[in-house]
Protein chains: 2
Amino acid sequence: MQKTLTAMAALLMAGAAAAQDAPIIHDAEFYILQAQHAEAWAEDDAAVDAKLAEARDANGGKPPNIISILIDDLGFGDMGIPELNAVRGYQTPNINAFSDEAMRMVRMYTEPSCTPTRVAQMTGRLPVRMGMGDTTVDIAGFGLPGEEVTLAEVLKTAGYATSHVGKWHMGDIPESWAMNQGFDYAQHAIHQQGQLTIFHDDAIREQVSVGIADFEAAYTLDNMFRPDASAMATVIEGEAGGPIREIRMEPGERWNTAKYDEMNQAFQYKTLEELQRLSAGDAPFFLQYWPMIPLHNTRTGRSGPESPNGGLYVDKMQQLDGWLGELFDEMDRLGVTENTVVVLMGDNGHFTKYSPQSGFTPMIFRGGKGDTTEGGIRVDAFIRWPGMIPADSLVNNIIHVSDLYTTLSRLGGASDAIPRDRLVDGVDQSAALLMKDETKGRRDHVIVYSVAVPKAVIKDKLKLNLPGAGENAIGADFFDLFRDTHEKYPISTEIGAWGGQEFVRILGRHMARKEKYPDSGPARGLPYEGIENLRPETQAAVKNFLLKQQAVSK
Amino acid sequence: MQKTLTAMAALLMAGAAAAQDAPIIHDAEFYILQAQHAEAWAEDDAAVDAKLAEARDANGGKPPNIISILIDDLGFGDMGIPELNAVRGYQTPNINAFSDEAMRMVRMYTEPSCTPTRVAQMTGRLPVRMGMGDTTVDIAGFGLPGEEVTLAEVLKTAGYATSHVGKWHMGDIPESWAMNQGFDYAQHAIHQQGQLTIFHDDAIREQVSVGIADFEAAYTLDNMFRPDASAMATVIEGEAGGPIREIRMEPGERWNTAKYDEMNQAFQYKTLEELQRLSAGDAPFFLQYWPMIPLHNTRTGRSGPESPNGGLYVDKMQQLDGWLGELFDEMDRLGVTENTVVVLMGDNGHFTKYSPQSGFTPMIFRGGKGDTTEGGIRVDAFIRWPGMIPADSLVNNIIHVSDLYTTLSRLGGASDAIPRDRLVDGVDQSAALLMKDETKGRRDHVIVYSVAVPKAVIKDKLKLNLPGAGENAIGADFFDLFRDTHEKYPISTEIGAWGGQEFVRILGRHMARKEKYPDSGPARGLPYEGIENLRPETQAAVKNFLLKQQAVSK
């Protein structure tokens, strides 16, 4: 036994040393897997390197362009499966055609809501590590720290031109914004869709927010408690190092459904423009298009296609399909399809609280956005790279959204710029994608967080729901995710005797590693600071925020 | 208004007259649809006739062969969608390849359990019409009446050679058996899988039936209450008009897992043999292969592939995929693929009570076998006819399993033999299948029965769950099946004001029509009568059955 352990320790060190002089620092489980597969991984790495070099040579010495399309709230099976389109009563023909050219990552795990998933993709790290696990919906005075090294910053070291359009939702302080986080150009909303679609005047007329946004203030002392979409900063635009301005809102102007629709349409136009501009340049490019539909609450002014099943999100999903069709066509027209990696995926499951109105209810998995059941964290996810990643294929090994950071960095030839002074959760899945072999995956587990609390440990097809405070671990629910996609029939009795301890130990190693690499908090600052044309009503809203902050230190 | 009604009445009569001198008698809703689409239907019928005539000419004047593969207990999405195979953790490559050559009938509705679905396909009529809505699991002394004109009998009038292998499950009296219901040859089990897998000696050892089959009789007066698989008749074989014999069981022999596995394997071999025999003949053929897997309870002796996800049914589903692959290959080898219509489908949803053990739990729809939720009555269903039905396609209009009777009769050129003296529920869906156009369907509704009670009315995407006795109709649940596949969020308030009455009237017309065409009961008789080699223990079991019958008339 001692001998085996010594041999494994040697292998572990050899594996670590073989990879790179200063290897990326990973979580504990990675090293356990590496020790078991070090030789195979080294071989695969050599094959991947050769394949990437070949592609680079064929592309004039340049790495591929990379486009990330991250869709807001999407269940598993909503895109790319015509049979399930039919079940839902709508069609996504453009996305389905795209999926036929792509590989589906069947077990892509995201975080359970918008902000943490986006943080994980941008930083390669679990959002809990920098206190970004929550989704803010109001003025909050915090955001993604400037010290994080984003995927855009990594790719820039390899010569990439970078651009971001659409949602961002990683903070309302300047250091958190895309133009300050590695993007040469960015146009993005600061907040999410909550205020923008619920707390404006049309929403009241549309009866979206009856009793919430329109409650009478006659007996309410706090006049500023009621949210007002028009008073918050909406969409900002700017270049790295340059001025940042709010666009399309004048002082005193009211935000409404028309403005919301205009914003979404503008993101689409701007994305096409950016694609044209970047395609005309010499540099490889990294373009993020993060649309703010289909998540949607406004009920009038349904532009575009007629409602296919009566659901608000489904309407917008069908509209988005048309938009993505335009984008893919434009890629063809510009001749960049062949040399571009496109990742198309959802950021988390549907917002099930709105499901009956949305047209989407949980279908294959249980729960949705905000839940740590599979319905919250399993999404449709595709990656297309013609000639390099097999078309119309799938991989069924576990991939976490943070792996995109590490993997796309490698495909872009920029792995060396991944920081070595902190723990990176994302593992390199290039071999699984390029070699289409499920044994090539480098992860067989996920620690599932909700905000800052670990809620579940997934390993292979098994999932342990961690007991909450005051709950006995012996009764914790184990699920077989293959046999029971809705997590309704715990197999705790059957598996508990062995699995309970094993799974708790996975979590234990994860927590123990935080002693060396402790979690920190988000960056804090003055909301909207540095926006040149901040409107008076927005300044008042910031003052109100500061007043609330001060109230706790009186 | 009066004028419109008169015009509609004229159209209604014209439509009826145009179809045939003595048209098939349908349920009330059919005539409402026909009145609205009579002209289009007449045009479509002409186009279908031309298309069928062309195929017949190209096939030496013969109609196509027809193969029905009816799989026992299968959820929607278990076959033909590789992405969902991956979600479940198993593979059906042969079935998926078949589905790529076929059309998926996305909204195929079956009855909620084995017997009624099979009756509906065989007779084109709702099982309630002849009292066959229930699924018997024991010796019962009743079955499908000889007066029913089965699909096999209809096709025989057009010169078809007919054969049936596998499950039958429509009665234990002779007139109900396949060789007496239009099949030239049949080899089938009389009962279903319950006794055959649960109530035998191995099952007790395998702990399948702990506390059921092995309970101590010491304090039980009724020694014959405990079921015994070995005492019931198992598989019979015979030709039309010839002797009928039980096969592979000797007097005193015990039924066990090995016998069960042997039976299933024998059905597979016999199907291949029948395919070869029928292909060598001059007549077009109608072959039914109704396997008794994947429904499965035995726990040892797992032959074939290793368990892909630990589930008993999933094991067998993977085995069945191999078997169907053999069948499709043999069709190719025999050169009959081109001229053969193959219908491959499930008979109802999974038996959810066993789901965690089965490896299949409800995934896309709610509930399973026995339920009238979509999970009980929506199944994977494919139809393949190379060159005639578009490959890799789907139709999303409503089709009921009884429609196969009328539709396959038409494809076989045998519509004239469909009886005109009774109500036939199955409508002709040839146009929808051959012309692949969802507007060509001839049904937009289903009356969903459980045994003899109407439980739901489906029209388009809406479903009304009918209130039970003592329940107020005003509170009945309405569901939008597109938006809410799991039937969890009733839209009763929104739709009830209009839909409640409309849906109740659909049911009202259906019930009113029973005054002219009343329901009758099943045929009754002596169980197993006419089996030449009835074993002594089986004779004793029949005596026990008769004793119970007599007890009620003492």
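Buried area is the accessible area that two parts lose on being put together, summed over both. In the predicted model described here, chain A and chain B bury about 2800 Å² between them, and carbon and sulfur atoms carry 63% of that area. On the side of chain A, the greatest losses of area to chain B fall on A:Val87, A:Phe482 and A:Arg483, which together account for 24% of what that side buries. The contact draws on 37 residues from chain A and 37 residues from chain B.

The overall architecture of chain A was examined next. Chain A contains 16 helices and 16 strands. Its radius of gyration is 23 Å, whereas the globule rule gives 24 Å for 554 residues; the two values are close, so chain A is as compact as a globular protein of that length. Taken along the principal axes, the box filled by the C-alpha atoms of chain A is roughly 75 × 60 × 50 Å. Of the 554 residues in chain A, 60% are buried. Among the contacts in chain A with a separation of 6 or more, 72% are made by residues 24 or more positions apart. The area exposed by chain A is about 20700 Å², and carbon and sulfur atoms supply 54% of it. Chain A carries 52 positive and 76 negative charges, and the mean positions of these two sets lie 4 Å apart.

Several positions in chain A illustrate pairs of residues that are separated in sequence. A:Gly124 is located in the loop between α5 (114-123) and β3 (142-143) of chain A. The relative accessibility of A:Gly124 is 0%, and this glycine therefore counts as buried, the cut-off being under 20%. In sequence, A:Gly124 and A:Ser402 are 278 residues apart, yet their C-alpha atoms are 4.3 Å apart in space. When neighbours within four places in sequence are left aside, the contacts of A:Gly124 are A:Val119, A:Ser402, A:Tyr405, A:Val424, A:Asp425 and A:Gly426.

A:Thr407 occupies helix α13 (residues 401-411) of chain A. With a relative accessibility of 2%, A:Thr407 is likewise classed as buried. The C-alpha atoms of A:Thr407 and A:Ser430 are separated by 5.6 Å, the two residues being 23 residues apart along the chain. Apart from neighbours within four places in sequence, A:Thr407 is in contact with A:Val427, A:Asp428, A:Gln429, A:Ser430 and A:Leu433.

A:Lys516 belongs to helix α15 (residues 492-516) of chain A. Its relative accessibility of 62% places A:Lys516 among exposed residues, for which the cut-off is over 50%. A distance of 9.3 Å separates the C-alpha atoms of A:Lys516 and A:Leu423, which are 93 residues apart along the chain.

In chain B, B:Asp44 lies within helix α2 (residues 28-58). B:Asp44 has a relative accessibility of 7% and counts as buried. Beyond its neighbours within four places in sequence, B:Asp44 is in contact with B:Ala431, B:Met435, B:Lys440 and B:Arg442.

Backbone geometry was also considered. In chain A, the peptide bond from A:Ile293 to A:Pro294 is cis, and its omega is near 15 degrees. A:Pro294 is placed in the loop between β8 (285-290) and α10 (312-334) of chain A. In chain B, B:Ile293 and B:Pro294 are joined by a cis peptide bond with omega of about 15 degrees. B:Pro294 is placed in the loop between β8 (285-290) and α10 (312-334) of chain B.

Positive phi angles occur at two residues that are not glycines, A:Glu487 and B:Asp392. For A:Glu487, phi is about 50 degrees. This glutamate sits in the loop between β15 (478-480) and α15 of chain A. The relative accessibility of A:Glu487 is 1%, so the residue counts as buried. For B:Asp392, phi is also about 50 degrees. B:Asp392 sits in the loop between β10 (381-384) and β11 (393-400) of chain B. A relative accessible area of 56% makes B:Asp392 exposed.

Key. Residues are numbered from 1 along each chain as its sequence is written. Chains are lettered from A and ligands numbered from 1 in the order in which they are written. This is a predicted model: local features need pLDDT of at least 70, side-chain atom pairs count only at pLDDT 80 or more; totals for chains, interfaces and linings use all residues. Side-chain values use heavy atoms; hydrogens and water are left out. Helices (H or I, at least four residues) and strands (E, at least two) are DSSP runs, numbered from the N terminus. The radius of gyration is taken over C-alpha atoms; the globule rule is 2.2 Å times the number of residues to the power 0.38. Buried means under 20% relative accessible area, exposed over 50%, partly exposed in between (1.4 Å probe, protein chains only). Contact means heavy atoms within 4.5 Å. Accessible areas come from the Shrake-Rupley method with a 1.4 Å probe; for residues, only the protein chains shown count as cover. Lys and Arg count as positive and Asp and Glu as negative; His and the chain ends are not counted. The place of a charge is taken as NZ of Lys, CZ of Arg, CG of Asp or CD of Glu. Buried area is the accessible area (1.4 Å probe) that two parts lose on being put together, summed over both.
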